[in-house]
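Colleague: I am new to this protein and would like to know how its labels are earned. Could you take me through them?

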Amino acid sequence: MVSETVQVSCATNGEADNIQSCKKRHLGSDETTIACCYDKMGNDEGDLGKSSREVTDNLNCGDTQLDGVRRKARLSKELTLQDMYNNQDAFDDDDDDDDSDWEPMQKHVEIVKWFCTNCTMVNLDDVVHCDICGEHKESGILRHGFYASPFSQQADLIQAESEVKEIHKDLHSGSSASNSSTLVGFDERMLLHSEVEMKSHPHPERPDRLRAIAASLATAGIFPGRCYPISAREITPEELQMVHSLEHIEAVEFTSRIFSSYFTPDTYANEHSARAARLAAGLCADLASAIFSGHAKNGFAMVRPPGHHAGVTQAMGFCLHNNAAVAALAAQVAGAKKVLILDWDVHHGNGTQEIFEHNKSVLYISLHRHEGGKFYPGTGSAAEVGSKGAEGYCVNIPWSRGGVGDNDYIFAFQHVVLPIALEYAPDFTIISAGFDAARGDPLGCCDVTPAGYARMAHMLSRLSGGKLLVVLEGGYNLRSISSSAIAVIKVLLGENPGEELEDAIPSKVGLLTVLQVLKIQMNFWPTLASSLEKLQDKWGMYSIENKRKHTEKRRQLLPPFWWKCGRKRLLYHFLRGQVPVKSKGF
């Protein structure tokens, strides 16, 4: 929880509206004087008006008082609000002489607001639960991960810890760390990458994202415990140049000399960011090499800053180096001929697509919100299929709105992702695992559950002989990202995610999107033709139903029959859609 205290001045005698009105005038222009405050306060009723009249009645008491009043009036007309602040002594000459008839005009009231640790949304201090996600202001999510109670009462925390102890017993009795073949890449130095400049709202890509996942893994006894760590190293410039331009690499490195900098308005860097990016890329490269060479079965890269928006020449979208692209090329150096990158982050991985759009040795498939290009970053339409001989090796599944959930994603997996992946037969599989399509994420606004992510990971684990690397991308609700990451890591450890949906029923938006993608991609992947034909039959039922509803609605608008022969005959034909149109004159 981040707290912030704001001091505001409040009038005591019903003058709040007057003062607020004056503040608004001053905020609009630095040259507006404060005379409006005195004029308005003098015209209102109450003690303030009474005091003004008393000052007027006593003007004849002495020349000193008269000069003082005139001097204040002249200053009030000539000085701006900033001038008054810098010259407060000019108004203090006579205030201490006689205050017997003047009540204190202002008092300071503290308005305290706090930012939710879980979702970063702002709340007033008089509430203890976040208005957006319901998390308690003193949440223990950074200590216990998502196993901590969102209500944060002491009894609830004790109960949560007792439940975790039972989880520990089950995990250690069923498997030991010596039998583990799942690697986890993590280094605490990546937590030093943070936004230095204090703004009105915390940045969503923050170190707490890794802290929440790490706390969840530790609480569950998974890491450390059932997973092996891998030593972190910084990626070399030579390795980075396989993905990025030299200018990009130098631009990122230059930030280590600057206390605070920005590549774009939302992509920050501090003096530690370049090293954090090198560590993240180095971990992903080493994990890919270790998994493909057989030293481990699979792995999870718990890294930041994320990478899939970083292109050949630019850093953007919170991303500095493209970690998934570095991992793909590292796997190819280790011997992989064909690599699949499946990106389920809610935002399109425009950087990854740019890097491999001419490369047939890497198949890139992305499921993301698109909304006709209105959703960030605006790329990733179904028509973007690759180029220069690599057509079909870029597959975009663009949702036309938010709110899509498990069934839509699994439906797309069943009818697009898996058929193409099986035909491609990759040697190595990478998941760009952003968890911002998860339920509760403040940026993604979708509805994928941890169980949904686990099912998708389980389906992908059947490819490439199980050689699978999961690379963390986005995800900005700590409870959602940590619970989803744990669900995926449990699949990597061999746990069954539960019964899979043999025939997931999508939403109308999901079905339309999949049909659109199939019509385009069947030109490059012939196995999709049969799926398209079956789904078109199913869509036919939707079409008939929609046509029936439209017909019933039109019938409700049909005009009376006798309008046909009267003065309203044109309106009659128009409402029935039978307006005759002559060819001449048009």
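Modeller: Happily! Let me start with a term: axes are lines fitted to C-alpha atoms, for helices over the stretch in contact, and angles run from 0 to 180 degrees between N-to-C directions. Helices (H or I, at least four residues) and strands (E, at least two) are DSSP runs, numbered from the N terminus. By that count the protein has 20 helices and 13 strands. This is a predicted model, in which local features need pLDDT of at least 70, side-chain atom pairs count only at pLDDT 80 or more, and totals for chains, interfaces and linings use all residues. Residues are numbered from 1 along each chain as its sequence is written, and side-chain values use heavy atoms, with hydrogens and water left out.

Colleague: How do you know at what angle helix 12 and helix 13 pack?

Modeller: Two packed helices are described by the angle between their axes and the distance between the axes. For helix 12 (residues 273-292) and helix 13 (residues 323-333), the angle is about 35° and the axes are 8 Å apart.

Colleague: What makes the crossing of helix 12 and helix 13 right-handed?

Modeller: A crossing is left-handed if the near helix is turned anticlockwise from the far one by less than a right angle, and right-handed if clockwise. Helix 12 passes helix 13 in the right-handed way.

Colleague: Which residues of helix 12 and helix 13 meet?

Modeller: Contact means heavy atoms within 4.5 Å. On the helix 12 side, the residues that meet helix 13 include Ala-277, Ala-281, Cys-284 and Phe-292; among their partners in helix 13 are Asn-323, Val-326 and Ala-330. The residues of this contact divide into 11 nonpolar, two polar and no charged. Here Ala, Val, Leu, Ile, Met, Phe, Trp, Tyr, Cys and Pro count as nonpolar, Asp, Glu, Lys and Arg as charged, and the others, Gly among them, as polar.

Colleague: How do you know that the length of helix 12 agrees with its 20 residues?

Modeller: The expected span of a helix is 1.5 Å times one less than its number of residues. For helix 12 that gives 28 Å, and its end C-alpha atoms are 29 Å apart, so the two agree. Just after helix 12 comes Gly-294, with a positive phi near 95°.

Colleague: Why is helix 12 called mostly covered?

Modeller: Buried means under 20% relative accessible area, exposed over 50%, and partly exposed in between (1.4 Å probe, protein chains only). In helix 12, 18 of its 20 residues are buried. Across the protein's 586 residues, 46% count as buried.

Colleague: Why does Ser-245 count as buried?

Modeller: Its relative accessibility is 14%, so Ser-245 counts as buried. Ser-245 sits in the loop between helix 10 (237-240) and helix 11 (246-254). Beyond its neighbours within four places in sequence, Ser-245 is in contact with Val-312 and Thr-313.

Colleague: And why is Ser-483 counted as buried?

Modeller: Ser-483 has 13% relative accessibility, so the label is again buried. This serine lies in helix 17 (residues 478-492). Ser-483 touches Phe-146 and Pro-450, not counting residues up to four places away in sequence. Tyr-147 is 336 residues from Ser-483 in sequence, yet their C-alpha atoms are 8.5 Å apart.

Colleague: What makes strand 8 a paired strand, and which strands does it join?

Modeller: Two strands pair if DSSP finds at least two bridges between them. Strand 4 (residues 182-185) and strand 8 run parallel with four bridges, and Phe-300 in strand 8 is the bridge partner of Val-184. Strand 8 also pairs with strand 13 (residues 468-472), in the parallel sense over four bridges; there Asn-298 partners Leu-468.

Colleague: How do you know that both faces of strand 8 are covered?

Modeller: In a regular strand the side chains alternate between the two faces of the sheet. In strand 8 (residues 298-301), Asn-298 and Phe-300 on one side and Gly-299 and Ala-301 on the other are all buried.

Colleague: What makes Phe-318 and Lys-388 worth pointing out?

Modeller: Most residues other than glycine have a negative phi, and most peptide bonds are trans. Phe-318 has a positive phi near 75°, and Lys-388 has one of about 55°. Phe-318 is buried, because its relative accessibility is 13%, whereas Lys-388 is exposed, because its relative accessible area is 68%.
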